[in-house]
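Morning, everyone. Let me put the model up, and then we'll walk through one residue and the helix around it.

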Amino acid sequence: MVQNTTRMSPPPFGEMASRLASKDPAAVRQRIEAMEHLLEGLFTIPLLNRKVGLDVLLDILPIGGDVIGAAMGSWMVWEARNLGMSKMQMARMFGNVGIDFALGIIPFVGAVPDLLFRSNSRNLKIIKRHLDKHHPALAVVDQA
């Protein structure tokens with residue numbers, strides 16, 4: 001039997017899905033940091049020297065963009081639930097997402113408060129604090 005050597009086989013779907021669904025604190029930390037970067041830090045506005053991400057860009061779409069941003073922020077809270085965080089911590093995180101949604105719901109003008117109130121960065125800090133306390137082996141020293 002001759003094998004076709006010109007095609008590369010992708011990794012098994014089960015392996016990829018298990019990494020995405022993992023409740024391993026290290027994997028959760030990576031996913032949450034990646035989501036926060038996507039929502040809050042894709043590029044820097046030159047004159048303001050301020051990082052912005054998809055959360056601010058979604059404000060171009062009236063109401064729908066804020067709903068999408070709130071859903072993505074709520075996913076971070078879901079990941080916090082997978083880490084076993086307290087209901088009080090998750091309530092604070094949902095409060096941050098709710099404030100961000102309420103401030104951003106004003107079409108076009110809502111991008112300004114969205115730029116200043118960075119709910120996903122606040123939620124990432126809450127999650128990192130939890131991880132550093134309950135999973136000290138995962139503690140990372142930030143360099144910035």
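So, start with Glu40: outside its neighbours within four places in sequence, Glu40 is in contact with Lys51, Val52, Gly53, Asp55, Arg118, Ser119, Asn120 and Ser121 (contact means heavy atoms within 4.5 Å). Before I go on, this is a predicted model, where local features need pLDDT of at least 70 and side-chain atom pairs count only at pLDDT 80 or more, while totals for chains, interfaces and linings use all residues. Residues are numbered from 1 along each chain as its sequence is written, and side-chain values use heavy atoms, with hydrogens and water left out.

Is Glu40 buried or exposed? Buried, with a relative accessible area of 1% (buried is under 20%, exposed over 50%, partly exposed in between, using a 1.4 Å probe and protein chains only). The Glu40 side chain also has a polar contact of 2.9 Å with the side chain of Asn120 (a pair of N or O atoms within 3.5 Å, one able to donate a hydrogen and the other to accept it; residues adjacent in sequence count only if both atoms are side-chain atoms).

Now the helix. Glu40 sits in H2, residues 25-40 (helices are DSSP runs of H or I, at least four residues, numbered from the N terminus). The axes of H2 and H7, residues 119-134, come within 9 Å and cross at roughly 165° (axes are lines fitted to C-alpha atoms over the stretch in contact, with angles from 0 to 180 degrees between N-to-C directions). H2 and H7 are therefore roughly antiparallel, the word for angles over 145 degrees. On the H2 side, the contact includes Pro25, Ile32 and Glu40, and on the H7 side, Asn120 and Leu124 are among the residues.

Terms used
Helices (H or I, at least four residues) and strands (E, at least two) are DSSP runs, numbered from the N terminus. Angles under 35 degrees count as roughly parallel, over 145 as roughly antiparallel, 65 to 115 as roughly perpendicular and the rest as oblique.
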